[in-house]
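Here is a short briefing on one protein model. Look through the sequence and the structure first, then read the points by topic.

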Amino acid sequence: MQSNDDLLSSLPTDGRLDGRTAIVTGSSAGIGEAVARVLASSGATVLVTARDLVRARPVADAITAAGGKAHALTLDLAGSYADLRRFAAEATDVLGGRVDVLVNNAGIYPIGPTETFADDDLDALLAVNVRAPHVLVGALAPAMAERGDGVIVNIGSWMARVGTAPMAMYPATKAALEQLTRGWAAEYGPRGVRVVGVAPGATTTRGNADYPEAMDHLAKQTPAGVPVRPVDVAYAVRFLVSDEGRFVQGSSIDVDGGIVGARVG
């Protein structure tokens with residue numbers, strides 16, 4: 001099996017997303033980077049975001065070097081409501097006045113026992129994982145609905161479906177995002193905006209690099225037997241935002257190697 005990095009450096013190109021624009025939050029590495037590069041390989045103009053341009057620009061540069069179209073912009077998901085709405089307006093302008101796809105990918109995952117969980121960590125989890133997607137959808141979905149076309153993809157987690165210790169709060173934010181997916185689909189779907197989700201399993205990202213034994217342990221419990229690669233999640237996102245996924249609405253696709261539905265160990 002090819003590595004994630006090898007696949008991203010040699011993505012085949014096609015035109016299934018030609019003419020579309022996409023914002024991918026948290027796209028300087030990991031799942032977000034893979035999503036940005038896969039969408040760009042299919043013709044989308046992608047806005048790469050991170051807390052600073054030093055992290056965002058290399059991904060945008062890699063996309064343009066491969067013949068794609070990309071821009072880079074800073075985004076602090078823990079910023080104020082006004083900051084998030086300013087970002088939405090600036091992003092729309094950078095993308096030529098139109099946002100066709102919003103991928104709410106960025107998330108944080110501090111963990112710890114409930115009784116000792118830091119107040120600052122709780123505030124940050126709720127701000128980044130729940131509040132920011134809510135504000136961005138509120139800022140961007142109305143224009144999609146006015147045009148009668150658009151797709152919002154929320155990146156959840158397999159952990160939203162099971163209880164795990166000691167990390168009650170992070171999965172709760174992902175469960176909230178799954179419910180927002182359903183609610184937004186009901187709210188915006190009749191006006192032409194599809195809202196869908198992807199729930200990755202244990203994925204080989206930079207954030208998980210310090211836990212190789214835990215990743216291997218989780219992978220061995222799945223039919224796939226190996227961890228999920230970010231590019232595998234990106235392929236699911238591309239399917240959902242393309243015309244091929246137009247009848248997927250209000251639900252999440254599990255890209256988890258079977259960790260939720262078919263444990264083997």
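R98 is partly exposed, with a relative accessible area of 34%; partly exposed means between 20% and 50%, buried means under 20% and exposed over 50%, with a 1.4 Å probe and protein chains only. The model is predicted, so local features need pLDDT of at least 70 and side-chain atom pairs count only at pLDDT 80 or more, while totals for chains, interfaces and linings use all residues. Residues are numbered from 1 along each chain as its sequence is written, and side-chain values use heavy atoms, with hydrogens and water left out.

**Salt bridges**

- Side chains of opposite charge can pair when their charged atoms come close.
- In a salt bridge, a side-chain nitrogen of Lys or Arg lies within 4 Å of a carboxyl oxygen of Asp or Glu.
- A search of the whole structure finds twelve salt bridges.
- R98 has a salt bridge to D100, with 2.5 Å between the closest N and O atoms.
- D100 is buried, at 4% relative accessibility.
- D100 also forms a salt bridge with R147, and here the closest N and O atoms are 3.6 Å apart.
- This second pair links distant parts of the chain: D100 is in the loop between helix 4 (81-94) and strand 4, and R147 is in helix 5, 47 residues apart.
- Helices (H or I, at least four residues) and strands (E, at least two) are DSSP runs, numbered from the N terminus.
- R147 is partly exposed, at 30% relative accessible area.
- D14 and R238 meet through their side chains in another salt bridge, at 4.0 Å from N to O.
- D14 sits in the loop between helix 1 (4-9) and strand 1 (21-24), and R238 sits in helix 8 (residues 230-241), 224 residues apart.
- D14 is partly exposed at 28% relative accessibility, whereas R238 is buried at 12%.
- A network of salt bridges links D14, R16, R238 and E244.

**A buried charge without a salt bridge**

- D256 is in the segment after strand 7 (252-255).
- Which side chain of opposite charge is nearest to D256? It is R161, 6.3 Å away, and D256 is buried yet has no salt bridge.
- For this purpose Lys and Arg count as positive and Asp and Glu as negative, while His and the chain ends are not counted.
- The side chain of D256 does reach the backbone nitrogen of G258, at 2.8 Å.
- Not counting residues up to four places away in sequence, D256 touches W158, A199, P200, G201, T222 and V228; contact means heavy atoms within 4.5 Å.

**Nonpolar cores**

- A nonpolar core is a set of buried Ala, Val, Leu, Ile, Met, Phe, Trp, Tyr and Cys residues joined through side-chain atoms within 4.5 Å.
- The largest nonpolar core has 39 residues, and those with the most contacts inside it are L39, V103, V153, V198 and V237.
- Apart from this core lies another, of 28 residues, with L73, L95, M144 and W184 among them.
- Leaving aside neighbours within four places in sequence, V198 is in contact with residues including V153, I155, V233, V237 and L240.

**The aromatic pair**

- A search of the whole structure finds one aromatic pair.
- Y109 and Y170 form this pair, which is edge-to-face, with 5.9 Å from centre to centre and 70° between the planes.
- Rings of Phe, Tyr and Trp (its six-membered ring) pair if their centres lie within 6.5 Å; planes under 30 degrees apart count as stacked, over 60 as edge-to-face and the rest as tilted.
- Y109 is in the loop between strand 4 (101-104) and helix 5 (119-147), and Y170 is in helix 6 (residues 169-188), 61 residues apart.
- Is each ring residue buried or exposed? Y109 is partly exposed at 39% relative accessibility, and Y170 is buried at 12%.

**A cis peptide bond**

- Most peptide bonds are trans.
- The bond that joins A165 and P166 is cis, with omega about 0°.
- P166 is in the loop between strand 5 (150-155) and helix 6.

**Two further buried residues**

- A91 lies in helix 4 and is buried, with a relative accessible area of 0%.
- Outside the residues up to four places away in sequence, A91 touches I23, L47 and L73.
- G79 is in the loop between strand 3 (69-74) and helix 4, and is buried at 11% relative accessibility.

How values were computed: A polar contact is a pair of N or O atoms within 3.5 Å; within protein, one must be able to donate a hydrogen and the other to accept it, and residues adjacent in sequence count only if both atoms are side-chain atoms.
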